[in-house]
Amino acid sequence: MNDAHLRALDESAPGLVAAAHVVGSAALDDHQPGSDLDLVVELSRPPTPADLAALAAAQTLDLDVVYLVDGEPGPWARDGEFRVSGGEVTPVLLLQLNEHSTTLRGARPSFEVTRAEVEDYCRRNLVEYWQPLVELAAAATGPGFPQGVLWIAFGPARQWHTIRTGGIVSKSRAGELAAAHWPDLAGELLDLVAARRGADVELTAAHREAAVELGRRVLAEV
């Protein structure tokens with residue numbers, strides 16, 4: 001898919017792509033069938049209207065991509081929808097680009113980002129984004145949708161690991177690390193890891209409750 005995307009851009013906007021890097025689960029050896037592919041593309045020039053049309057035409061449903069212009073976020077696309085501006089490049093993404101990305105074209109990335117910037121972003125993201133979702137999941141009735149349970153379980157755990165160590169891990173690895181840190185939640189958390197990896201695991205209300213409790217413990221600890 002990434003090759004097809006780059007080929008399409010090469011044909012319709014020659015010379016526009018200076019570098020391209022795979023990030024996210026695929027770069028962390030945790031990509032699952034049906035998951036989107038995360039891509040960061042460095043552009044060689046500010047995109048013209050014709051370039052923007054080429055970027056929009058090359059977008060596919062299973063590709064999440066942000067385009068950088070002189071190192072700054074520009075156009076972006078997700079779930080088949082293209083936007084000409086407003087892309088976001090977080091300190092965590094910069095760290096992953098530097099340390100855990102697969103370069104498809106161009107030079108290896110080397111962006112300036114400090115551990116303090118990464119930690120600060122993770123703490124704010126936990127409070128502003130994850131805490132409301134954790135409490136919403138806590139108030140829900142029934143087990144909820146499996147993907148929602150997996151999202152709640154692994155997102156805060158990844159931020160928790162990065163704050164503690166300065167490193168980045170996949171969703172599955174974050175679940176394993178959280179299970180080792182909180183053994184009383186280990187059974188349900190390891191079930192969730194197995195479900196993410198495709199095992200036939202029946203997810204119940206107990207798994208949702210464990211995911212919520214994990215989120216609350218992460219928020220309390222960091």
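Two strands count as paired if DSSP finds at least two bridges between them. Keep that in mind as you work through this predicted model.

**Exercise 1.** Find the order of the strands in the open sheet, and work out which ones stand at the edges.

*Solution.* Start with the order: the 6 strands run β5-β4-β3-β2-β1-β6, and their pairing is mixed. Now look at the two ends. β5 (81-83) and β6 (102-105) each have a single partner strand, so one side of each has no neighbour in the sheet. Finally, check the twist: on average, neighbouring strands are turned by 20 degrees against each other, direction ignored.

**Exercise 2.** Zoom in on β3 and β4: in which sense do they pair, parallel or antiparallel?

*Solution.* Take β3 (residues 63-69) and β4 (residues 72-78): they pair in the antiparallel sense, over 4 bridges. For one bridge, pick Val69, whose partner in β4 is Glu72.

**Exercise 3.** Which strands do helices α2 and α3 touch as they pack on the sheet?

*Solution.* Begin with α2 (residues 49-58), which touches β2 (37-43), β3, β4 and β5. The direction of α2 makes about 155 degrees with that of β5. Next comes α3, touching β1 (17-23), β2 and β3. Here the angle between the directions of α3 and β1 is about 100 degrees.

**Exercise 4.** Track down the largest nonpolar core and say which element gives the largest share of it.

*Solution.* This core has 37 residues, and Ala178 and Trp182 are among those with the most contacts inside it. The largest share, 8 residues, comes from α5. Then follow Ala178: its contacts include Ala157, Trp160, Leu189 and Leu214. Apart from this core lies another, of 20 residues, including Leu16 and Phe82.

How values were computed. Residues are numbered from 1 along each chain as its sequence is written. This is a predicted model: local features need pLDDT of at least 70, side-chain atom pairs count only at pLDDT 80 or more; totals for chains, interfaces and linings use all residues. Side-chain values use heavy atoms; hydrogens and water are left out. A nonpolar core is a set of buried Ala, Val, Leu, Ile, Met, Phe, Trp, Tyr and Cys residues joined through side-chain atoms within 4.5 Å. Buried means under 20% relative accessible area, exposed over 50%, partly exposed in between (1.4 Å probe, protein chains only). Helices (H or I, at least four residues) and strands (E, at least two) are DSSP runs, numbered from the N terminus. Contact means heavy atoms within 4.5 Å. Axes are lines fitted to C-alpha atoms, for helices over the stretch in contact, and angles run from 0 to 180 degrees between N-to-C directions. Lists of a residue's contacts leave out its neighbours within four places in sequence.
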